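Notebook open, viewer open. I'm jotting down what I look up as I go.

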Amino acid sequence: MRVEYINPFVESAYNVLKEVLSVEIVRGELYLKSTSMPVLGVAAIIGLAGDVEGRVLFDMSKVTAIQIASAMLQSMEMEPIEELNDMGKATITELANMITGQAVTKLHNLGFKFDLTPPAIFTGDNMEIADTGVEALIVPMDLPFGKIEINVAIRERN
Amino acid sequence: MKTKQDFPSINQRKADGLASDGNAYRVLIVDDSLFVTKQIGQILTSEGFEVVGTASNGQEGLDSYKELYPNVDLVTMDITMPKMDGVTALEKIMEFDKNARVIMISALGKQDLVKKSLMLGARNYIVKPLDRKKVLERIMMSLTK
Amino acid sequence: MSNTSEAVDRTQGGEQIREAKQRLGGLHQHQLQEQDDIETVDYKMVTFSLGGKDYGIDILKIKEIAKFAAFTYVPNAPPFVSGVYNLRGDIISIIDLRVMFNLPAQRKAEGSPEDGLILRLDELMIGVVVDSIDKVVGIVSSRIQPPHPIFGDVNIKYISGVVEKDGRLYIILDVDRIFAKDESAPDEPEPLTAAVASKDSGLSPYQESPEVPTSQGAAGKNEEELDLDFIREGLVTFKGFYPDEVSSTWLHRRYPEWRAERKQLGTEVQLTGEEDAEEFLRTFYSPYSGRFWGEDYVEGVKALLPEEMPKNISVWNPGCGKGYETYSLATVLRMRYPDHILKIWAGDKDLLNISTAPNLVFGADIIPTLYEPYLVEAKNGFAFSSQIKDAILFEYHDVANTNAVPNVDIIMARDLISFLPPKQQALVLNEFSDKTSSGALLILGQNEYVSETLGWQHVGSAIVNAYRKL
């Protein structure tokens, strides 16, 4: 993945999570993974288009997703959720949307033109996303609610 | 649902959502996220606005606007949405009603997108994440100018 | 190219995350625990039984698990040599470990196949017969205990350690020593010989050392070969350097030199730490490795560039580190083909290094004057002008993962392949072939060689080691 793409994603993830959840966030060490399979149970995906093709996948456990969604909902005086219902899913996808949106905005200011596609969310214990031949950058974020692994795969259009 | 009586009267402050004639501003929220729809709705109703409709993509938003017109004072419009994106919907709404008050609300803050929206007639542009203060400030700016 | 330091960084990062997790009172404690275990399994062995006890052999020493059906009996061989065996055309010796160690052997029905393993010890292949093969067991190498005489069925000299896993105690055999010719202690009666002698009442003609006949003639290893094994291991451990596919030729050239150097210094031949390993590799690194190329190298590369090039020149530079050499190559290509469109895909898996590459700034003192026309002044020194910069795409990328580069005209990978594990070396060389067409140029490190069987013809000069695709 192009070096210039890395920081905007890391910064946006950190800033948005901090702003939206108002909690302590610990950035994990970045690394590369040869597969983009989500492993934790809940995966929100946002596609990227434009100069590049790719996608950003937010991978977390169900428990973490429920806690994060509840915290976001409560911050706006809404009911927390007990299970990952439609509201919970919408909350997580919106979080993914905000992070990716901010990253794409930063990239835009650096001269890289790409666009977002509307987010989708998948849940399940044996999720499989056919996505072979992708190298992904993993941005791990540790929250009091558990960890989020932000899995960014971007390929230049040759 | 809060009513006018819920607001403290000590400071004699008028709720933001009430127009000078005392009636509530009527808002259409267009966003594909249930979360955002609820979030914006929450902020607005607490200030006395009335949410008269919600739509989850640009096409639906355009249709709702036409249906509600002229009984709608304000539209909040997301950009990245399925079927029809928010910029296209903005353009079509403006074609239909050149006095429409549309505010873009998006996670994307790209300069050219902001510029394009404003050129097409959007009254303001709010970049997410949203907070109450930011949303109300921008909305009031576009309602009063 | 700093695999080792990266690995260390990674571990520390992991450590921090784990600590953070613990502070946060993780919800995934169980999961984490599991991950830890998986993460630290760094030693795999094939386990088997011999005389009713559990043994293991390092999986890296094992070529395959086999069933031996029909040996050819070898007259005058020691009794522990069961015979020779034809393994798909290679004749290998078969050793019965039970006889070798004087352990009771289960009697198999006449003609039924024997369980066994085929070991690969350097150039040598040996088959060993055991009671029965169990499975592959992954362990944490730090849990290996030193050998102790109490485990006594086999002389501790031939045991590299013992380890407990899932309630079973495995004795790990040191096959390199078992099959090595030990010259250092000729007076000590070898346990193997003793075992043989006790069985054969001194009839055995093998008094000195357990010589095993093989297809190569001699199974024994002398001290020098043994030392070379240790050096190889040291290079892997301390520098992540694997002298296999492309640099084994260099290793064999370097080794006698090294022995002489060390003898002169009066120090040990073996590598005792990273410093030694670095010193050993001193002659490996290519001229200008990880630096801007000097005029001689620039001219050397220029001389290899063909007259005809497509309008769009595509170049792949995996393992580019901080990008010094990438900029050098870009400059050479710009000079040579001023009107072509140039695109260089450069990648490295060291995040710190690659992060500095796109905006590399340097002092005038480290850059030869020939680059001058392509430089611009930057804040704290010089940088490359956009005509060079824009031609390069620096990516955070591990060459062992999918490579999204298109077909390229030039590949430059100097001092990279040797720092990949053997499997990846083969994989990457394959990728190089896949991503190129006939006539493409491959620039490797000074001491890295690819065989012509892979379709590369050596075209290099004294200064530049390069190949052309056939």
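Ground rule before the helix pair: I call two residues in contact if their C-beta atoms, placed from the backbone, lie within 7 Å. Also for the record, this is a predicted model.

**Entry 1: two helices in chain C**

I started with α9 (residues 295-304) and α10 (residues 324-336) of chain C, which pack at an angle of about 55 degrees with their axes 10 Å apart. That angle makes α9(C) oblique to α10(C), because it falls in none of the parallel, antiparallel or perpendicular ranges. I noted the handedness too: α9(C) passes α10(C) in a right-handed crossing. Then I looked up who meets whom. From α9(C) come C:Val298, C:Val301 and C:Lys302, and they meet C:Ser328, C:Val332 and C:Arg336 of α10(C). Sorted by class, this contact has three nonpolar, one polar and two charged residues.

**Entry 2: the sheet in chain C**

Next I traced an open sheet of five strands in chain C, in the order β3-β6-β7-β5-β4, and its pairing is mixed. The edges are β3 (62-68) and β4 (81-87) of chain C, each pairing on one side only. I wrote down the twist as well: neighbouring strands are turned by 30 degrees against each other on average, direction ignored.

I then went into the sheet for one pair. Strands β6 (residues 114-121) and β7 (residues 124-129) of chain C run antiparallel and are joined by six bridges. Which residue is the bridge partner of C:Leu121 in β7(C)? I found C:Leu124 there.

**Entry 3: C:Phe238**

I picked one residue to follow, C:Phe238, which sits in helix α6 (residues 223-239) of chain C. Is C:Phe238 buried or partly exposed? I get 19 C-beta neighbours inside 10 Å, so C:Phe238 counts as partly exposed; buried would need 20 or more. Leaving aside neighbours within four places in sequence, I list C:Leu271, C:Gly273, C:Glu274 and C:Ala277 as the contacts of C:Phe238. One of these, C:Ala277, is 39 residues from C:Phe238 in sequence, yet the two are 6.4 Å apart, C-alpha to C-alpha.

**Entry 4: chain A against chain B**

Last, I checked where chains A and B touch: 21 residues of chain A are in contact with 19 residues of chain B. On the chain A side, α1 (3-21) and α3 (86-109) each supply at least two residues. Which helix gives the most to that side? I have α3(A) down for it, with 13 residues. By class, I noted ten nonpolar, seven polar and four charged residues on the side of chain A that touches chain B.

Terms used: Residues are numbered from 1 along each chain as its sequence is written. Chains are lettered from A and ligands numbered from 1 in the order in which they are written. This is a predicted model: local features need pLDDT of at least 70, side-chain atom pairs count only at pLDDT 80 or more; totals for chains, interfaces and linings use all residues. Two strands pair if DSSP finds at least two bridges between them. Helices (H or I, at least four residues) and strands (E, at least two) are DSSP runs, numbered from the N terminus. Axes are lines fitted to C-alpha atoms, for helices over the stretch in contact, and angles run from 0 to 180 degrees between N-to-C directions. Angles under 35 degrees count as roughly parallel, over 145 as roughly antiparallel, 65 to 115 as roughly perpendicular and the rest as oblique. A crossing is left-handed if the near helix is turned anticlockwise from the far one by less than a right angle, and right-handed if clockwise. Ala, Val, Leu, Ile, Met, Phe, Trp, Tyr, Cys and Pro count as nonpolar, Asp, Glu, Lys and Arg as charged, and the others, Gly among them, as polar. A residue is buried if 20 or more other C-beta atoms lie within 10 Å of its own, exposed if 12 or fewer, and partly exposed in between; C-beta atoms are placed from the backbone.
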